[in-house]
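Thanks, everyone. I'll take this one quickly: cysteines, then strands, then a bit of surface.

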Amino acid sequence: SSGINAEWPLRPGLYSSASDNKICVWDIKSHRLLESFSAHSNPVCTLAANDSYFFSGSLRVINVWDVATFQAVHTIDNLNHWVRALVIKKNKLYAGIYQAIKIWDVTTFETERIIDIKGGSVYSMVVTDSWIICGTYEKGIQMHSLHNDQSHVLTGHTGTVYCLGFYTSAGHTRLFSGANDRTIKVWNVDRKIPSQTLDRHQGSVCCLVVAKGKIFSGAMDSTIKVWQ
């Protein structure tokens, strides 16, 4: 057995990856394993997908797979470190690596932009209509504009920022971050300050999802907490 590193919902089911270097595809209704295949020569840390491809990140490489056939169609290699964060948005693939975010056009797989990051490896990332936001090993959250060279650093966590989520309503965006310091912070993105700290977990907060007005957070204390 091995720990689950990443999950991604996609027709026909749920994709998962783990430290056994494999990707598994599950039927959500029956919980049945549909497909399992070796994806990398090292643990698979992160997954992302669009209607045509799904992407898996591992040590210094991203593999691209056909959604319908599960066949490998492309490899992005020669990266500088573990790929721990992937985001796909509007035909752009964003990858967080050591001290950098790389962006590709997924129709050509040509590199479009490289953003230098301070704070060690990128562990988490979200992309809004205006910002690329990433959480780093060295406790910070960095914001980089999609439209110009503007950037900001959000400070407040005392541990590696493992996960990020965001929610936009009435033109205002709230950012949620979970970290090794066992807390979730709620950020006012417009003002670039934390507005609330949630500290009910007894272990590192490893993942979170924002959906239907609620936050679902999973931690190393073996609990999932639901926040209104």
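A disulfide here is a pair of cysteine sulfur atoms within 2.5 Å. Keep in mind that this is a predicted model. By that rule, how many disulfides are there? The count comes to zero.

Let's go through two of the cysteines. Take C24. Which cysteine has the sulfur closest to that of C24? The answer is C45, and the distance is 16 Å, so a bond is ruled out as too far. Is C24 buried or exposed? Its relative accessible area is 14%, so C24 is buried, because buried means under 20%.

Now C163. The closest cysteine sulfur belongs to C207, at 6.4 Å. That is still too far for a bond, because the cut-off is 2.5 Å. C163 has 6% relative accessibility, so C163 counts as buried too.

On to the strands. There is an open sheet of four strands. What is the order? Read across, the strands go β15-β16-β17-β18, and the pairing is antiparallel. The edges are β15, residues 161-169, and β18, residues 193-198. Each of these edge strands pairs on one side only. From one strand to the next, the twist averages 25 degrees.

Look inside that sheet. Strand β16 covers residues 172-179, and strand β17 covers residues 184-188. Five bridges pair β16 with β17, in the antiparallel sense. If you want a residue pair to click on, L175 has W187 in β17 as its bridge partner.

Next, a hairpin. Strand β7 is residues 61-66, and strand β8 is residues 72-76. These two run antiparallel, with four bridges joining them. Which residue of β8 is the bridge partner of I62? That is I76. Five residues sit between the strands of this hairpin. One backbone angle to check there: F70 takes a positive phi, near 65 degrees.

Last stop, the surface. V209, F216, I224 and V226 make up a nonpolar patch. Together they have about 380 Å² of accessible area. F216 belongs to strand β20, residues 214-219. Why does F216 count as partly exposed? Because its relative accessibility is 33%, and partly exposed means between 20% and 50%.

To recap: zero disulfides by the sulfur rule, an open four-stranded sheet with antiparallel pairing, the hairpin of β7 and β8, and a nonpolar patch on the surface that includes F216. That's my slot. Questions, please.

Notes. Residues numbered from 1 in each chain as written. Predicted model: local features only at pLDDT ≥ 70, side-chain atom pairs only at ≥ 80, totals over all residues. Heavy atoms only, no water. Patch = residues over 30% accessible without salt bridge, like charges linked within 9 Å, V, L, I, M, F, W, Y side chains within 5 Å. Areas by Shrake-Rupley, 256 points an atom, 1.4 Å probe, with all protein chains shown as cover. Salt bridge = Lys/Arg side-chain N within 4 Å of Asp/Glu carboxyl O. Buried < 20%, exposed > 50% of the residue type's maximum accessible area, 1.4 Å probe, protein only. Pairing = 2+ DSSP bridges. Axes fitted to C-alpha atoms, helices over the stretch in contact; angles between N-to-C directions.
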